[in-house]
Amino acid sequence: MSSPFATILMDMGFPKEKVEQALNVTGNQGVEPAMEWLLAHGDSLEGGNIGQSLGQKLDEEGTPAPSTSNLTEEDAAGTSGLNDEDAKSIKCEDCNKLFRTQLEVEYHAAKTGHANFSQSTEEKKPLTEEEKKAQLQLLEEKIKQKKIEKEALEKAEELEREKNRIKSGKEIVAIRKKFQEEEFKKAIEERKREKEEDRLARQKIKEQIEADKLARKVKAGGVIAETITTPPPTVVKPPPPKEYNEARLQIRLTNGTTLTQSFGAKEQLSAVRLYIEMNRTDDNGPFTLMTSFPRKIFSDEDYEKPLEVLGLVPSAVIIVSRALN
């Protein structure tokens with residue numbers, strides 16, 4: 001059985017299905033909240049133009065139905081509220097407006113806050129055609145205003161999403177630039193180290209040549225080797241044990257392609273994961289990292305550990321695999 005709220009809204013020209021939906025959405029709290037929802041969602045109402053439906057109701061009855069948010073069961077049932085046979089209307093002493101039924105009085109009181117009413121022998125005249133058109137125009141303007149407000153809200157939300165997208169893009173560019181700068185510094189350091197190793201190797205070869213020359217002179221002159229004072233050989237200290245400051249990683253993606261990148265030995269595994277996210281050419285789904293030999297699947301705790309602790313220095317192969325749901 002339909003509630004009094006639903007009956008009033010349907011009498012105003014709203015479709016039954018949308019009336020029931022509006023009452024459910026607003027918690028069946030009354031005609032006012034339901035009508036506000038219907039006006040805000042006027043574009044989706046069946047039957048096209050809501051103003052046309054309301055206009056037909058205005059032509060039939062001459063005035064829109066009132067709210068019954070605070071009515072008693074007797075009022076909601078449609079009683080007139082006029083007990084005196086001579087009384088033809090109810091008059092608002094605050095603004096001198098006339099009303100036919102108690103429902104209209106309740107609606108007016110809720111909208112204006114007026115509280116002084118009395119029975120009147122004056123008969124409320126039906127709305128003229130001009131008044132009907134004015135009522136209809138007012139409702140249509142309210143619908144348009146609701147639509148404009150909705151479009152403005154959607155535009156503001158879209159603008160905010162665009163700002164967030166631009167901000168995220170700038171952050172990614174900054175991270176990528178930082179990676180490139182660090183890679184450039186690593187290349188310079190590697191070049192310096194290689195030059196120093198070449199210099200030491202050339203010096204050792206030169207000293208060995210000088211020693212060979214001296215030995216040949218001694219043999220050619222017949223001089224006893226014991227009588228020749230030769231300078232003590234230059235002791236070339238072996239280079240210190242090589243310390244690896246970086247890890248050269250070969251990263252195999254899920255589509256078979258490979259990325260090669262150098263990282264600092266003390267950088268965390270999370271930096272490798274971020275590099276993969278920024279440069280991968282396969283799908284963009286979630287993934288995990290692992291090594292093939294010895295086989296190891298890195299856990300969430302491993303991403304906070306340095307590469308040297310994880311055994312990925314000086315070089316290693318990282319395999320990207322799709323994460324299991």
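Which elements cover the buried residues of helix 2? I looked this up in a predicted model, where local features need pLDDT of at least 70 and side-chain atom pairs count only at pLDDT 80 or more, while totals for chains, interfaces and linings use all residues. Residues are numbered from 1 along each chain as its sequence is written, and side-chain values use heavy atoms, with hydrogens and water left out.

Entry on helix 2. I find that the cover includes helix 1 (4-11) and helix 3 (31-40), helices being DSSP runs of H or I with at least four residues and strands runs of E with at least two, numbered from the N terminus. In helix 2 (residues 16-25) I list Lys 18, Val 19, Ala 22 and Leu 23 as buried, that is, under 20% relative accessible area, with exposed meaning over 50% and partly exposed in between (1.4 Å probe, protein chains only). Seen down the helix axis, these residues fall within an arc of 135°, so they line one face of helix 2; the arc is taken from the directions from the axis to the C-beta atoms. Asn 24 and Val 25 are exposed on the other side.

Entry on the cores. I note that the largest nonpolar core (buried Ala, Val, Leu, Ile, Met, Phe, Trp, Tyr and Cys residues joined through side-chain atoms within 4.5 Å) has 22 residues, and that Leu 249, Ile 251, Leu 269, Leu 289 and Leu 312 have the most contacts inside it. Among the elements giving two or more residues to this core are strand 4 (246-252) and helix 8 (269-279), and helix 8 supplies the largest share, five residues. A second, separate core of 16 residues includes Ile 8, Val 19, Ala 22 and Trp 37.

Definitions and conventions:
Contact means heavy atoms within 4.5 Å.
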